Structures are given as C-alpha cells and as structure tokens.
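Q: Please take a close look at a single strand and describe how it is placed among its neighbours.

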Amino acid sequence: MLRVVILGVAAGGGVPQWNCGCPVCRTARTERPELQSTQASIAISADGEHWFLVNASPDLRQQLIATPQLHPKAGKLRHSPISGVILTNGEIDAVAGLLSMREGWPFTIYAHATVLSTLKENSIFNVLTEKNVRRQPIELDRAFEPALPDGSRSGIEVVAFAVPGKSAWYLEGKPHTGGRNGAGGTLGLRIGDKTTGKYFYFLAACAGVTEDLKARLAGAPLIFFDGTVWRDDELITAGLGNKTGQNMGHIAMSGDSGAIASLAGLDIGRKIFLHINNSNPALLHDSGERKIAERAGWQIPADGMEITL
Ligand SMILES: [Zn+2]
C-alpha cells in the first residue's frame, strides 16, 4: 500500500508570503487562516514506517511537527522515520529544508547529478556530512528503489524523467559543472508500489505539456501537477512581479495551452494541483477560477492531506 502525505501545497513563499499583500495572502492572514499553506513537498511510504520526502521545503520543520507519521518512534531517544529525500530540482523551495535535517540522522539524498553538484558547490550543505547523508545520483528514465537505512528494500519504485523547465533561478545564465544550463533541473517522477503495482506521477514544476508527456500521463490513477499560476501573466497584471509563469518554468492552469486544457481527456483517475503560488486565485474557495478547475476535475488540496493507493 502506497501512502502519500501532502506536506505543503504552496509555491515559493508559501501562503501567506512574508512580504505580500495580495488578496490571497491578505485573506489567509485574516478571515481565512485555513488558506495558509506551506511550500510544496510530499512524503511517501510503502510500509507506513519508513518515509521518503519528495523535495525538502524551507517549511520542513513546521511540516514535520504537523505530521505525526513523520515523528520519532515512541521510546526512541533519537529517531526519524525519514529514510531519504528525493529532489526534483535545485530551487530553494525544494532544497532549503535539507538544512533542517542536519542533526545527525542518516538518510540518502537522491537527485540528478546537476542538483547534487549544486549542493556540493554551496558549502553550507556540507553540514549534511557524507558519513551520515549519502548522495545518490538519479539517472533519467531508469527505475531505482530508494533503500531503507539498513540497506534493505523500501518497496518503492521511482522513475525520474526530464520535463520542460529551467534551472533554478539563482543559477540562471551561469555555467554549471553538472551539465549544460538547465539539464536535469526539472524532473517528473513516476512513483510506484513494487508489491501492488499502484503508481502516481509527481510534477511540481513543468513548463509545458508535450505529446510525450501526455502519452506518459494518460491513464494514470493519480497525478500531482504544477499549479503555480492561473494565468501566465498574473504576477505582472497584479503588480506583484515582472516574471511570467513561463519565465519561471511553470505552465499556467488556464488557457488553451494550460494544464487544465492540455491534460483533459487523458483518463487520469485523480488530478491534484500542487506548488500553487499565492497569486493564484484558484486558492480561494469561492473564486470563479476555483470553480473552473474543479469542474474540470482538478483538486486544490490542503496541507496534511493523506492519500492511499
Ligand atoms: Zn500574495
């Protein structure tokens, strides 16, 4: 049985974002605290005892406190159910949480060589000593089974594949030792239970839906998909920033080439948006955009939601 806990729903900055007075952030601070959400990450387990994080958000400490499944086992002086962290990119909202896992518990980081070299070049991540924290490169399109701390099998099969995207914004335009600019910077994951064969897809960042990607996702029981912005230009029109969704490597939910239209009719069992920016009006329960997304069969989740496959 594959268990998935949504640790955080929001894109970078979270909801509310510390320096933002947009309608969603204001509402989340005042009359609708249930809109508050932490930065995107999920936890997965095949045995209910050992868990793997998919991305480690800057909110990880708060997420772990809020998630009983990830608390130390009763009666143990030092323990964590977390056996590893699988990184899908090198963005701050995917890797900063690693710095909150520096207190000597052994685990493994699984990431593309590009992202591993970024971590290596940023010496602050050396607090995760090689002795305790193994780094294992992810090869594209090759299944791997993340291991438990004693080296035994986790029962989870992961296949990573490249999706349209870009490198982390703090690396934009910089030459990179891990590969050409952007290579391996955005991964999608197919995560499956080796015993039951059940699986789902995780794409928290995706700049566009190609025919290849459609073919891959068709018929999937469950997908988590990039829900950063509703409209490509919403940050600009709201006066919140000067970048489009595409500039940031994210597809919009709406529009002819948006996620909702592109992924319609593919016989996907359950469609959940993740990595939703606080500028996105679909976060508001009573918005027209929310209704459009829900009518198209998409779910806007809340932090802490658990799904079993
Ligand atoms: Zn905001």
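A: The account below concerns strand β5 and its surroundings. This is a predicted model, in which local features need pLDDT of at least 70, side-chain atom pairs count only at pLDDT 80 or more, and totals for chains, interfaces and linings use all residues. Residues are numbered from 1 along each chain as its sequence is written, and side-chain values use heavy atoms, with hydrogens and water left out.

Strand β5 covers residues 107-111; helices (H or I, at least four residues) and strands (E, at least two) are DSSP runs, numbered from the N terminus. Five of its five residues are buried, so β5 is largely enclosed by the rest of the structure. Buried means under 20% relative accessible area, exposed over 50%, and partly exposed in between (1.4 Å probe, protein chains only). In a regular strand the side chains alternate between the two faces of the sheet. Here Phe 107, Ile 109 and Ala 111 point one way from β5, while Thr 108 and Tyr 110 point the other way.

Two strands pair with β5, where pairing requires that DSSP finds at least two bridges between them. With strand β4 (residues 82-86), β5 pairs in the parallel sense over three bridges, and Gly 84 has Thr 108 as its bridge partner. With strand β6 (residues 133-137), the pairing is also parallel and runs over five bridges; Ile 109 stands opposite Arg 135 there.

Helix α4 (residues 113-121) joins β5 and β6 in a right-handed β-α-β unit: with the strands pointing away from the viewer, the path from the first strand over the helix to the second runs clockwise.
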